[in-house]
Amino acid sequence: MGGVSLPREFGYVILTVLGSWGTLMYLAVNVSKARKKYNVMPPILYSDTEMVYNCIQRAHQNALESYPSFLVLLLLAGLKYPKGASAAGVVWCMGRIHYAHGYYTGDPEKRRKGAYFHLSELALIGMCLGHAGSLLGWGGRGWGRWGWRFFWR
């Protein structure tokens, strides 16, 4: 019976998964602190009167909503492009923190300063497409003359 073979550098992807979990825990702790500060106790999710609390909660909730698809993209891209996927994952984590800190001001428009995390999602999608293309034999080294390996390996 054959085993699964992972690239040695897949360890970076595993560390990035752990870092992304840490990012979510950081956001969760901030929600917990805000619950106490603004007196919004569970099971109430949002406040009718405390806009800043709602922004803190929303930053965390938004990250949770996209986390499953981010993890799938990170892990699939990391099978072929572990360093590139890991780099994109670190950018996602940094962007999520900047996004949250903008949101924490109470002005939802300021969250946009961290919206660059979407670029990392696009990069991961590109790496997944490159991986799928190479598995399907579309172009030998990836897509195009140089392929994704030129950039990510």
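This short talk walks through how the helices of this structure pack and which residues sit at their contacts.

Before anything else, please keep in mind that this is a predicted model, in which local features need pLDDT of at least 70 and side-chain atom pairs count only at pLDDT 80 or more, while totals for chains, interfaces and linings use all residues. Residues are numbered from 1 along each chain as its sequence is written, and side-chain values use heavy atoms, with hydrogens and water left out.

Let me start with helix packing. Two packed helices are described by the angle between their axes and the distance between the axes. The helices here are DSSP runs (H or I, at least four residues), numbered from the N terminus, and the axes are lines fitted to C-alpha atoms over the stretch in contact, with angles running from 0 to 180 degrees between N-to-C directions.

Helix H1, residues 10-38, and helix H3, residues 82-103, have axes that come within 8 Å and cross at roughly 10°. H1 and H3 are therefore roughly parallel to each other, a label for angles under 35 degrees, with over 145 counting as roughly antiparallel, 65 to 115 as roughly perpendicular and the rest as oblique. Their contact, meaning heavy atoms within 4.5 Å, includes Phe 10, Thr 16 and Tyr 26 of H1 and Ser 86, Trp 92 and His 101 of H3. By class, the residues of this contact divide into 11 nonpolar, seven polar and two charged, where Ala, Val, Leu, Ile, Met, Phe, Trp, Tyr, Cys and Pro count as nonpolar, Asp, Glu, Lys and Arg as charged, and the others, Gly among them, as polar.

Is Thr 16, in this contact, buried or exposed? At 5% relative accessibility, Thr 16 counts as buried, the term for under 20% relative accessible area, with exposed over 50% and partly exposed in between, using a 1.4 Å probe and protein chains only. The side chain of Thr 16 makes a polar contact with the side chain of Ser 86 at 2.4 Å; such a contact is a pair of N or O atoms within 3.5 Å, where, within protein, one must be able to donate a hydrogen and the other to accept it, and residues adjacent in sequence count only if both atoms are side-chain atoms. Setting aside residues up to four places away in sequence, Thr 16 also touches Leu 74, Gly 89 and Val 90.

Turning to helix H2, residues 51-80, its axis and that of H3 come within 10 Å and cross at roughly 175°, and that makes H2 roughly antiparallel to H3. Among the residues making this contact are Gly 78 of H2 and Tyr 99 of H3, and the classes are 13 nonpolar, five polar and three charged. Gly 78 counts as buried, at 0% relative accessibility, and the C-alpha atoms of Gly 78 and Glu 9, 69 residues apart along the chain, are separated by 8.7 Å.

Finally, the rings: the structure holds five aromatic pairs, a pair being rings of Phe, Tyr and Trp (its six-membered ring) with centres within 6.5 Å, and planes under 30 degrees apart counting as stacked, over 60 as edge-to-face and the rest as tilted. Tyr 99 and Tyr 103 form an edge-to-face pair, 5.7 Å centre to centre with 90° between the planes, and both are buried. Tyr 99 and Phe 117 have ring centres 5.4 Å apart and planes at 90°, so this pair is edge-to-face, and it links Tyr 99 in helix H3 to Phe 117 in helix H4, 18 residues apart.

How values were computed
Helix = DSSP H or I, 4+ residues; strand = E, 2+ residues; numbered from the N terminus.
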